[in-house]
Amino acid sequence: MFRLRDRKVKQFAKTVSEKQNSIFVFGSNVLTGEFIYDLLELGLGSKVALIADDDREWIEDVHEKITVLIEKKHEKYQERQLYDLIGFSTAEKIIILHDNELVQYIINNVEDISHSNVKIILVSQYAPAFVKYLSQAQKDKFVITDNVSSIT
């Protein structure tokens with residue numbers, strides 16, 4: 001089963017590299033769906049890579065327009081291997097729209113691999129306190145916003 005999951009992530013990473021996706025979005029909630037639809041309206045679908053923890057109806061609707069990886073096992077977000085396999089070499093922006101413990105797991109792993117010019121963007125209501133503190137110290141790297149509309 002682990003090999004199959006690895007293959008799925010490696011295929012996602014290969015597609016991201018081929019398409020040169022540069023906007024990585026983590027999430028699957030309603031807020032994430034609204035944000036993805038906004039990006040599509042702006043004509044940015046070809047730049048978007050979505051990493052979701054649940055398979056929602058709206059993801060099925062946009063699956064052909066963006067690059068999608070669905071990883072339902074939350075413990076995988078704690079493991080470095082997921083991020084190493086994806087690589088994030090084409091990333092310009094990493095947007096985390098989860099509203100649960102995954103925010104902290106992602107920050108812990110993405111921060112280590114992000115280039116200095118990659119922006120990590122979160123919505124204030126979901127940002128843990130330590131990330132709010134980090135955003136004050138590293139304003140060039142972290143952006144915390146009050147609403148998703150300001151990101152688009």
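In this predicted model, helix 2 (residues 30–41) lies across four strands: strand 1 (23–26), strand 2 (48–52), strand 4 and strand 5. Relative to strand 1, helix 2 runs at about 160°.

Those strands belong to an open sheet of six strands, lined up in the order 3-2-1-4-5-6 and paired in parallel. At the edges stand strand 3 (67–70) and strand 6 (142–145); each has just a single partner strand, so one side of each is left without a neighbour in the sheet. On average, and ignoring direction, neighbouring strands here are turned by 15° against each other. For a look at one pairing, take strand 4 (residues 93–96) and strand 5 (residues 119–123), which run parallel and are joined by four bridges. Here isoleucine 94 has isoleucine 120, in strand 5, as its bridge partner.

Zooming out, the protein has six helices and six strands, and reading along the sequence gives the pattern α-β-α-β-α-β-α-β-α-β-α-β. Of contacts between residues at least 6 apart in sequence, 65% join residues at least 24 apart. Of the protein's 152 residues, 49% count as buried. The accessible surface comes to about 7,800 Å², with 47% of that belonging to carbon and sulfur atoms.

Back down at the level of a single residue, aspartate 6 sits in helix 1 (residues 2–19). Its relative accessibility is 9%, so aspartate 6 counts as buried, the cut-off being under 20%. Leaving out residues up to four places away in sequence, aspartate 6 touches Gln81 and Leu85.

Methods: Residues are numbered from 1 along each chain as its sequence is written. This is a predicted model: local features need pLDDT of at least 70, side-chain atom pairs count only at pLDDT 80 or more; totals for chains, interfaces and linings use all residues. Side-chain values use heavy atoms; hydrogens and water are left out. Helices (H or I, at least four residues) and strands (E, at least two) are DSSP runs, numbered from the N terminus. Buried means under 20% relative accessible area, exposed over 50%, partly exposed in between (1.4 Å probe, protein chains only). Contact means heavy atoms within 4.5 Å. Accessible areas come from the Shrake-Rupley method with a 1.4 Å probe; for residues, only the protein chains shown count as cover. Two strands pair if DSSP finds at least two bridges between them. Axes are lines fitted to C-alpha atoms, for helices over the stretch in contact, and angles run from 0 to 180 degrees between N-to-C directions.
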